Amino acid sequence: MFGDHEVQAYPWRLVYSRFEPSQERLREVLCTLGNGYLGTRGAAPESAVSDSKIHYPGTYIAGVFNKLATDIAGRSIYNDDMVNCSNWMFISFKIGDGSWFCPSTCRILSYRQELNMKDGVLLRKIRFQNYKGQRTVVETRTIAHMQNPHICAIEYKIIPENYSEIITVRTMLDGAVENNGVERYRQLNSKHLKANAIGRFSSNGVFLSMRTNQSRIEIAQAEKIKVFCDGNELKTRIRPITRRLLQGKARIGQEFRIMVQPGKTYSVEKCVTIYTSRDAGIKNPLAVAVDLAKNSLPFNFLAETHKKTWNDIWQKCDIQIDGDVFSQMAVRFHIYHLLQTASRHNINIDSAVPARGLHGEAYRGHIFWDEIFAFPFYSMHVPEVSKASFMYRYKRLNKAREYAKNNGYKGAMFPWQSSMTGEEETQELHLNPLSGRWGVDLSRRQRHVSFAIAYNIWQYYKITGDINFMRKFGIELFLSIAQFAASLTKYSILTGRYSTYGIMGPDEFHEKNPGTKKPGLKDNAYTNVMIVWVLCKAKELLDTLSVQNKEKLKKKLDITDKEIRRWEDVTEKMNIVIDDNNIISQFDGYFALKELDWKAYTAEYGNIKRMDRILKAEDKSPDEYKVAKQADTLMLFYLFNFSELRSIFSKLGYNLKDDSLRKNYDYYEKRTSHGSTLSKVVHGFLAHKLGRSKASWDWFQSVLQSDVYDTQGGTTPEGIHVGVMGGSIDIVLRRYLGVDVTGEIVKFAPQVPRSWKKITTKIRYRDFWITVWADTQQIKVIVDAFQNDPKTVLAVEINGKIHDLGMGKSYSFSLN
């Protein structure tokens, strides 16, 4: 129990034992079903978007966006939204001439909802009574098929307990939906769909095709229904069932009337197939959807093949934690939702990883930099996801080059927020919910998103050794970002150093220097160090190419030897502001800002995570204060091990002392409001690095609770936080197991929490699967090669000592 949110945690299950209308939208997100191609919120199937303030059914398909204009403050503002597609789930029934059943409008006698993560299925059982005293049990099983991502299905059971009566069952494909899932967006135009085709393809099958009204994407759904009594199918020729077609402008459905008897189980199997005109190789999505629906298989068969696919995935992706049920459930919960947001199917999808998943409409479904927290998991377990995301960026490389050129830079500058076209989709105006006022949004000046892409590519390369991808796409993508990075810098004769201007860092609260109208900041430390790192690695990648291929790529990208010499100069003369106490200034001028009275604001407002909104509502500005939303400078210590970071600083002529992490952590942590869940990840990770086990554990538990309990206060019902989910797994792998797969040898240095008995997992490194068991005393390792050669050995470093491990054998090492 956390606040008003009651949840029961089991190792593989998230369980709710009562219906709470006020918590329904949160539960819908937490119980979302997806397969990388689409995500469907775990809403009550009896609910429709248009008639409920409690439920919000939503289905989102990766890469399906639509851009609409809204007039705000005398100007047209364009927003590209991930579209809430037609509601495929709808099914309900009524007893006699009574009301249509919906959990939020009936007297519930008992309730249980269960998300089974191991099998990827949402289960629900409701027992209710109507005003006539008639009692009914309703049981549902719902899946978004992981083997075939174009199939969704629901089994809906109705069990009358104490009556004989005619019941009417209604199913529907509902295209009369809008994007209304985020309250602060409701002033914006949100009607994205218009009817394209509607009709019936068989006596028990209907179809609905909608089209987005700007991007012109066709979204086709086909539904086939089967009805059973105690396992026996009720055919149309049998008297107890009659059918009726329901048809509207943007919705189509079917009705069934059945004479029911007490104690019997009446089941409706609804199979829906979904395709879009963006799908690879699909010219007529409606025809393909109908053909697949005509040949749909029984629900039990679909559920079994779906379960087998999920179980195969878990064999590679699971992290088993013994001794802590909540941590076990929460870590699996995070893995589960990451795999629903992006899966192996993404190799056929032109999309990356949305920051809020396929679970809701927050951030309009856009892609940010949050992948930097999730990609260690993907690259070590499902590298196809990472590669698909890089291909999404590669296909938009020309747009990134155009964006850079239009802003006076070279190379490729990727947008802070990206959707379908690769253009900058960051809003120009932002609504402050505290003041109700719209203000200018400068967050597109966070240029570090391009460096996050480069960082992810490098990590993927070191983990997988995928040189073919690098030679075809990755190096070109990386070098294009390097060109942009170098072009951000300007040399000063006065200082003898390079500086950057007009940039925002990860903090997000600071948009410009106080007292100036000029947007952006000078010498954000995180950005400057990332530039240096990118340029260093760009040179390394160039050196992996043959002389002929190197010259060919340099010519293609118009990289001259003079430019490369300038890159080297930047890596030796970039400006970083550091004080005498070895505190790295977040940006030039940060130390001159005013201190915030944290105690006073906490006493007045309680929740001060969004100090930017509080200050602006008071007609002040966060630009005036030493206040951060999330880790900024500390990101450097999160991304890089200390020796690598010290090497970068040393090359620049700065001395990063041994206690630099401690001093910078202590300085910035108390000046951070932690208004982003990502902040908790970074601080928890670094606290563990510092040996502060209690502080680190508290941060880690806060990370695990953030979405399950919506600790941000209303953000999770709008979509999960992919970054924090990936970050929690990163803490387990990189800190608790001490995994380092970014060098030429895989390393383990476990520091397992004392409250955990054991951690068990697999990681993929190059052409090997490595199974690891670790507790506080010892670590066991088994290495299996993709190609079974008994002579193969893999060098593995355990707590600083290198061991050559043969294939298929179990090795144990003491940690004392």
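This is a short dialogue on reading a few features of a predicted model.

Biologist: What should I know about the model before starting?

Modeller: The model is predicted: local features need pLDDT of at least 70, side-chain atom pairs count only at pLDDT 80 or more, and totals for chains, interfaces and linings use all residues. Residues are numbered from 1 along each chain as its sequence is written, and side-chain values use heavy atoms, with hydrogens and water left out.

Biologist: How are the strands ordered in the open sheet, and which are the edge strands?

Modeller: Strands of a sheet pair through backbone hydrogen bonds, either parallel or antiparallel. Helices (H or I, at least four residues) and strands (E, at least two) are DSSP runs, numbered from the N terminus. Two strands pair if DSSP finds at least two bridges between them. Here, three strands form an open sheet in the order β3-β4-β5, with antiparallel pairing. Its edge strands are β3 (33-34) and β5 (59-61), each pairing on one side only. Strand β4 (residues 38-40) is joined to β5 by three bridges. Gly39 has Tyr60 in β5 as its bridge partner.

Biologist: How do α9 and helix α12 cross?

Modeller: Two packed helices are described by the angle between their axes and the distance between the axes. Axes are lines fitted to C-alpha atoms, for helices over the stretch in contact, and angles run from 0 to 180 degrees between N-to-C directions. The axes of α9 and α12 (residues 561-573) come within 11 Å and cross at roughly 65 degrees. The two are therefore roughly perpendicular (65 to 115 degrees). Leu479, Ala482, Gln483 and Ala486 in α9 meet Glu563, Arg566 and Trp567 in α12; contact means heavy atoms within 4.5 Å.

Biologist: Is Asp466 buried or exposed?

Modeller: Buried means under 20% relative accessible area, exposed over 50%, partly exposed in between (1.4 Å probe, protein chains only). Asp466 counts as buried because its relative accessibility is 15%. Asp466 sits in the loop between α8 (448-464) and α9 (467-487).

Biologist: Which side chain makes a polar contact with that of Asp466?

Modeller: A polar contact is a pair of N or O atoms within 3.5 Å; within protein, one must be able to donate a hydrogen and the other to accept it, and residues adjacent in sequence count only if both atoms are side-chain atoms. The partner of Asp466 is the side chain of Lys387, at 3.2 Å.

Biologist: What does Glu508 contact?

Modeller: Beyond its neighbours within four places in sequence, Glu508 contacts Trp416, Gln446 and Lys629. The side chains of Glu508 and Lys629 share a polar contact of 2.7 Å.

Notes: Parallel < 35°, antiparallel > 145°, perpendicular 65-115°, else oblique.
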